[in-house]
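Dear colleague,

I am handing over the structure we spoke of, so that you can look at it alongside my notes. Please open it first and then read on.

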Amino acid sequence: MSRLDLMIERLQAQRLCIDWAVDRIQGIDGVVLELGLGSGRTYDHLRERLPRRRIHVFDLAVEAHPSCVPDPIDLILGDLLDTLPDFVRSFDAPVALVHADVGTADHATNRSIAASLAPCIPRLLVPGGLLLSNRRELGAGDLLSLEPPEGAGAGHCFLFERPQDD
Amino acid sequence: MIDERNLQDPASSRLARMLERLQTQRVCLEHAAETVASTAGLVLEIGLGKGRTYDHLRRLLPAREILVFDREVHALHDCIPPSAALYLGDFSKTLPALLPSRSRSVALAHADLGSEDPARDRALVECLTPSLLQLMRPGGVVLSDRPFTELGEPLPLPAGVGLFPYYLYRLD
């Protein structure tokens with residue numbers, strides 16, 4: 001597989017999973033979190049698909065295309081290991097969807113970042129809320145692993161749901 | 001329940017547009033490689049970028065020499081061409097430098113130039129055209145994301161391309 005094939009597969013998986021998640025959270029109240037803005041492609045897709053939801057965006061710095069830079073009021077800059085726990089503490093509105101495309105070229109660092117962030121996610125999500133991530137390790141606690149939609153295989157995206165409270 | 005989703009345009013987000021672009025590139029590169037299967041000659045990758053299409057080309061045409069041009073290298077670590085095949089600097093100097101030794105010896109040239117500045121792109125096309133006309137072998141193919149009007153009428157694109165403009169020329 002060439003780098004071109006891989007990128008096509010990854011973007012297809014992202015699009016399919018975002019569209020699937022957007023469909024699934026219909027009727028569930030809550031904001032969206034985009035962890036990792038990057039080039040802004042998935043943020044652009046999320047805001048296009050969910051024009052009426054507020055999207056809070058987290059990243060270390062803004063490196064996105066100028067057309068994909070969020071409003072400053074929705075942008076939380078800094079190390080996710082600090083900003084996400086802060087957000088959990090201070091934010092009390094429901095979160096319906098967390099999309100987390102996080103990582104560097106270093107696998108060990110990625111695993112440790114994901115493991116540190118994972119405990120925040122179940123505390124944020126409303127029952128029925130979804131986590132969509134490129135890191136399997138981010139889905140921890142009592143989150144249920146969901147089968148990705150057809151065509152979005154190959155380990156590019158992992159989906160989790162916070163179960164309904166008993 | 002009111003449908004809150006916006007599903008009106010399947011290719012309007014930057015994610016969707018990037019996908020259309022990469023799918024178009026893949027289909028066009030594969031078509032171009034088939035088209036030049038019986039035309040001997042080397043391959044030019046003008047604009048390395050991340051190196052994705054270079055990586056695809058070298059797998060499609062493993063026996064061909066591929067010369068790569070860009071201002072600087074910012075490709076993925078495993079998509080960096082060997083230094084002997086890499087021509088760094090301004091295209092207006094690096095491409096003419098192949099002449100006259102490589103005249104009429106190129107079977108396939110892929111020029112992925114697109115910036116968000118149409119005037120800059122037009123100037124680049126104008127600057128590359130005279131060199132390409134001398135470098136291309138009869139029957140060779142030029143493929144680009146920008147129109148090269150001096151090369152004649154573009155050919156129809158192969159089936160399966162995405163919603164992204166691409167231009168394919170076959171030289172006499």
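Below I go through the interface, a single arginine and a pocket, in that order.

Please keep in mind throughout that this is a predicted model.

I began with the interface, where 30 residues of chain A are in contact with 32 residues of chain B. Between them the two chains bury about 2800 Å², and carbon and sulfur atoms account for 55% of that area. On the side of chain A, the trio A:Arg3, A:Leu4 and A:Gln26 supplies 25% of the area buried against chain B, which is more than any other three residues provide.

Next I turned to B:Arg170, which sits in strand β6 of chain B, a strand that covers residues 167–170. Because its relative accessibility is 38%, and partly exposed covers the range between 20% and 50%, B:Arg170 counts as partly exposed. Leaving aside residues up to four places away in sequence, B:Arg170 touches B:Thr35, B:Thr39, B:Gly139, B:Gly140, B:Val141 and B:Leu155. With one of these, B:Gly139, the side chain of B:Arg170 makes a polar contact, reaching the backbone oxygen at 2.8 Å. The C-alpha atom of B:Arg170 is also 9.5 Å from that of B:Val36, although 134 residues separate the two along the chain.

Finally, the second largest pocket has a volume of about 270 Å³. Its lining is made up of 13 residues, and those nearest the centre are B:Asp121, B:Arg122, B:Val125, B:Pro147 and B:Thr149. By type, the lining of this pocket divides into 6 charged, 4 nonpolar and 3 polar residues.

With best wishes

Terms used:
Residues numbered from 1 in each chain as written. Chains lettered and ligands numbered in written order. Predicted model: local features only at pLDDT ≥ 70, side-chain atom pairs only at ≥ 80, totals over all residues. Heavy atoms only, no water. 1 Å grid on protein atoms, 1.4 Å probe; cavity = no way out; pocket = protein on both sides within 12 Å on 5 of 7 lines; lining within 4 Å. Points joined across faces, edges and corners; volume = space filled by probe spheres on them. Nonpolar A, V, L, I, M, F, W, Y, C, P; charged D, E, K, R; others polar. Helix = DSSP H or I, 4+ residues; strand = E, 2+ residues; numbered from the N terminus. Buried < 20%, exposed > 50% of the residue type's maximum accessible area, 1.4 Å probe, protein only. Contact = heavy atoms within 4.5 Å. Polar contact = N/O pair within 3.5 Å; in protein donor to acceptor, adjacent residues only side chain to side chain. Buried area = accessible area lost by both parts, 1.4 Å probe.
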